Amino acid sequence: MPELPEVETVRLGLQPVMEGARFKKVEARRPDLRWPLPKDFVKRLQGETVTGLGRRAKYLLADLTSGDVLIMHLGMSGSFRVLDNGSEATPGRYHHERSQQLAHDHVVFHMSSGALVTFNDPRRFGFMKLVPRRTLDAEPLLRALGPEPLGNAFDAALLATACKGKKTSLKAALSDQRVVAGLGNIYVCEALNRARLSPKRMASTLATKAGAPHERAERLVEAIKAVLNDAIKAGGSSLRDHRQTSGELGLFQHHFRVYDREGKPCPTPGCTGTVKRIVQTGRSTFFCPVCQK
Ligand SMILES: [Zn+2]
């Protein structure tokens, strides 16, 4: 499942060929992904120009001259390929294996920039949807999302308020998209290790009794932003690696401090702990029981 930094690196890779460019031709090779493609999908895109390519949580949002927004989601196994000036690139960083099978090329955008942008998704959990920009705030997919973790609004006070009185674990609270949008299993584990906070700690302890942010909330917000920015930076540097054709699975995993590193030494300087794996709400949590309190 792609996480926020992956989606952001995909956005950064698509932006140069899509932003300011017109959909010259759109091929929808099958009528459905996770859901059926919108009615008149091809007609509503062709001839329109992308005025901006943004992101909300793990959704890519392409604003069109028509006033529509094209919402794109990678699902479990989706990826984009860009063929531009004879060179092919797969922008972004993917932890999952990327399919090379052309049979899974479901949507193809022929952009006026000359680039061919292809969406490939073997498992078809990804989707594309068109909604008018003026109704975007009411869009069910986006409506309930909490603040963007990299946005300015997301700070210790906001996180403390969201977690005040919450009798769930920090792991569960941070995985809740209403508390903070777009954080998945990997980066929740990574941020908690950086902040030296136990994933089992009660979320309510991020706030003081009076509801003010505890110092722990400051540390955690800083760690969340840092871990996401580092991951985006690491993925961003791979954008130049246009020749990469195999899935990049494993390539970036050595950047993880605790995720998928059960039994390995904790990377916190001076800590002699060993990374442990537990299961919380059905998902693996990796953490160091020594320095994460
Ligand atoms: Zn440790």
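Select arginine 124 to begin: this residue sits in the loop that runs between strand 8 (116-120) and strand 9 (127-132). The model on screen is a predicted one. Display the backbone of arginine 124 and read its phi, which is near 55 degrees, a positive value in a residue other than glycine. With a relative accessible area of 25%, arginine 124 is partly exposed.

**Histidine 73**

Next, select histidine 73, in strand 4 (residues 68-73). Is histidine 73 buried or exposed? Its relative accessibility is 12%, so histidine 73 counts as buried. Show the side chain and draw a distance to glycine 75: the side chain of histidine 73 reaches the backbone nitrogen of that glycine at 3.0 Å. Then display what surrounds the histidine. Leaving aside residues up to four places away in sequence, histidine 73 touches Arg34, Lys58, Tyr59, Phe119, Gly126 and Phe127.

**Phenylalanine 80 and phenylalanine 119**

Keep Phe119 from that list of contacts, and turn to the aromatic rings. How many aromatic pairs does the structure hold? The number is 7. One of them is formed by phenylalanine 80 and phenylalanine 119, a tilted pair with 5.0 Å centre to centre and 50 degrees between the planes. The two rings come from distant parts of the chain, 39 residues apart: phenylalanine 80 belongs to strand 5 (residues 79-84) and phenylalanine 119 to strand 8. Both phenylalanine 80 and phenylalanine 119 are buried.

**Tyrosine 187 and phenylalanine 256**

Now select tyrosine 187 together with phenylalanine 256. These two form an edge-to-face aromatic pair, 6.3 Å centre to centre and with 75 degrees between the planes. This pair too links distant parts of the chain: tyrosine 187 is in helix 6 (residues 185-194), phenylalanine 256 is in the loop between helix 7 and strand 10, and they are 69 residues apart. Tyrosine 187 is buried at a relative accessible area of 2%, and phenylalanine 256 counts as buried at 7%. Extend the selection by Tyr259 and Phe286, since Tyr187, Phe256, Tyr259 and Phe286 form one aromatic cluster.

**Aspartate 260**

Staying in the loop between helix 7 and strand 10, select aspartate 260. The phi of aspartate 260 is near 60 degrees, again a positive value in a residue other than glycine. Aspartate 260 counts as partly exposed, at 46% relative accessibility.

**The zinc site**

Show the zinc ion and its donors. Which atoms coordinate the zinc ion? They are the SG atoms of Cys266, Cys271, Cys288 and Cys291, at 2.3 Å. The angles among the 4 donor atoms are 104 to 115 degrees, and the site is tetrahedral. For reference, ideal angles at a metal are 109.5 degrees for four tetrahedral donors. Along the sequence, the donor residues follow the spacing C-x4-C-x16-C-x2-C. Cysteine 271 and cysteine 288 link distant parts of the chain, 17 residues apart: cysteine 271 is in the loop between helix 7 (215-238) and strand 10 (276-280), while cysteine 288 is in the segment after strand 11 (283-287).

Colour the donors by accessibility if the viewer allows. Cysteine 266 counts as buried at 6% relative accessibility. Cysteine 271 is buried, with a relative accessible area of 17%, and cysteine 288 counts as buried at 0%.

**Cysteine 189**

Select cysteine 189 and draw a distance from its sulfur to that of cysteine 266. Why does cysteine 189 form no bond with cysteine 266? The sulfur of cysteine 266 is the closest cysteine sulfur to that of cysteine 189, but at 13 Å it is too far for a bond. A disulfide needs two cysteine sulfur atoms within 2.5 Å, and by this rule the count comes to 0 disulfides. Cysteine 189 itself is buried, with a relative accessible area of 1%.

**Serine 198**

For the last stop, select serine 198, in the loop between helix 6 and helix 7. Serine 198 counts as buried, at 9% relative accessibility. Display its contacts: apart from residues up to four places away in sequence, serine 198 touches Leu170, Phe287, Gln292 and Lys293.

Key. Residues are numbered from 1 along each chain as its sequence is written. This is a predicted model: local features need pLDDT of at least 70, side-chain atom pairs count only at pLDDT 80 or more; totals for chains, interfaces and linings use all residues. Side-chain values use heavy atoms; hydrogens and water are left out. Donors are N, O and S atoms within 2.8 Å of the metal (3.2 Å for Na, K and Ca); water is not among the atoms, so sites may look incomplete. Four donors count as tetrahedral if all angles lie between 85 and 135 degrees; four count as square planar and six as octahedral if opposite donors are over 155 degrees apart and all others between 65 and 115; anything else is irregular. Helices (H or I, at least four residues) and strands (E, at least two) are DSSP runs, numbered from the N terminus. Buried means under 20% relative accessible area, exposed over 50%, partly exposed in between (1.4 Å probe, protein chains only). A polar contact is a pair of N or O atoms within 3.5 Å; within protein, one must be able to donate a hydrogen and the other to accept it, and residues adjacent in sequence count only if both atoms are side-chain atoms. Contact means heavy atoms within 4.5 Å. Rings of Phe, Tyr and Trp (its six-membered ring) pair if their centres lie within 6.5 Å; planes under 30 degrees apart count as stacked, over 60 as edge-to-face and the rest as tilted.
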